[in-house]
Amino acid sequence: KSGRKGNSRFSEGPEGNSQFSEGPSPERLRILRHHLHLRSRGWLQDPAGNWVKDGNAEFDSDEEEPPPLPPA
C-alpha cells in the first residue's frame, strides 16, 4: 500500500483547491454547450474528433454538416 489517504485535490477544503472551485472559463462553457447541442441533435465524434451522423438518429434531408460553433 502506498499510504495515500484519498485524493488530495478534494481533501484540502475550499481554500486549498481554488483552481477547481472557479469552474470552466466562458469559452470552455461555450464549447461544451455546443458539444452537448450537437450530441442532442444526433451527431457523434469519431476517434479523430470529426462529427459524424449517428446511424440511429433522424436528420432533416438538408442536414449534411453539423452546425458550426456559434460566435462568442
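# Charges and contacts in a predicted model

Student: Which helix holds glutamate 27 and arginine 30, and how far apart in sequence are they?
Tutor: Both residues belong to helix 3 (residues 26-40), where they sit three residues apart, about one turn of the helix. Helices (DSSP H or I, at least four residues) and strands (E, at least two) are numbered from the N terminus. The model is a predicted one, in which local features need pLDDT of at least 70 and side-chain atom pairs pLDDT 80 or more, while totals for chains, interfaces and linings use all residues. Residues are numbered from 1 along each chain as its sequence is written, and side-chain values use heavy atoms, without hydrogens or water.

Student: What does glutamate 27 form with arginine 30?
Tutor: The two form a salt bridge, with the closest N and O atoms 3.0 Å apart. The term requires a side-chain nitrogen of Lys or Arg within 4 Å of a carboxyl oxygen of Asp or Glu.

Student: How many salt bridges are there in the whole structure?
Tutor: The search finds two. Besides the pair in helix 3, arginine 41 bridges to glutamate 63, with 3.4 Å between the closest N and O atoms. That pair links distant parts of the chain, 22 residues apart: arginine 41 is in the loop between helix 3 and strand 1 (43-45), and glutamate 63 is in the segment after strand 2.

Student: Is glutamate 63 buried or exposed?
Tutor: Glutamate 63 counts as buried because its relative accessibility is 10%. Arginine 41, at 37%, counts as partly exposed. Buried means under 20% relative accessible area, exposed over 50%, and partly exposed in between (1.4 Å probe, protein chains only).

Student: Changing topic, where is histidine 34, and what does it touch?
Tutor: Histidine 34 is in helix 3 and, at 12% relative accessibility, counts as buried. Leaving aside neighbours within four places in sequence, histidine 34 is in contact (heavy atoms within 4.5 Å) with Pro67, Pro68, Leu69 and Pro70.

Student: How much of the chain is buried overall?
Tutor: Buried residues make up 10% of the 72 residues.

Student: And what is the order of the elements from the N terminus?
Tutor: They run α-α-α-β-β, which comes to three helices and two strands.

Student: Why does aspartate 62 count as exposed or buried, whichever applies?
Tutor: Aspartate 62 counts as exposed because its relative accessibility is 63%. Its place is in the segment after strand 2 (51-53).
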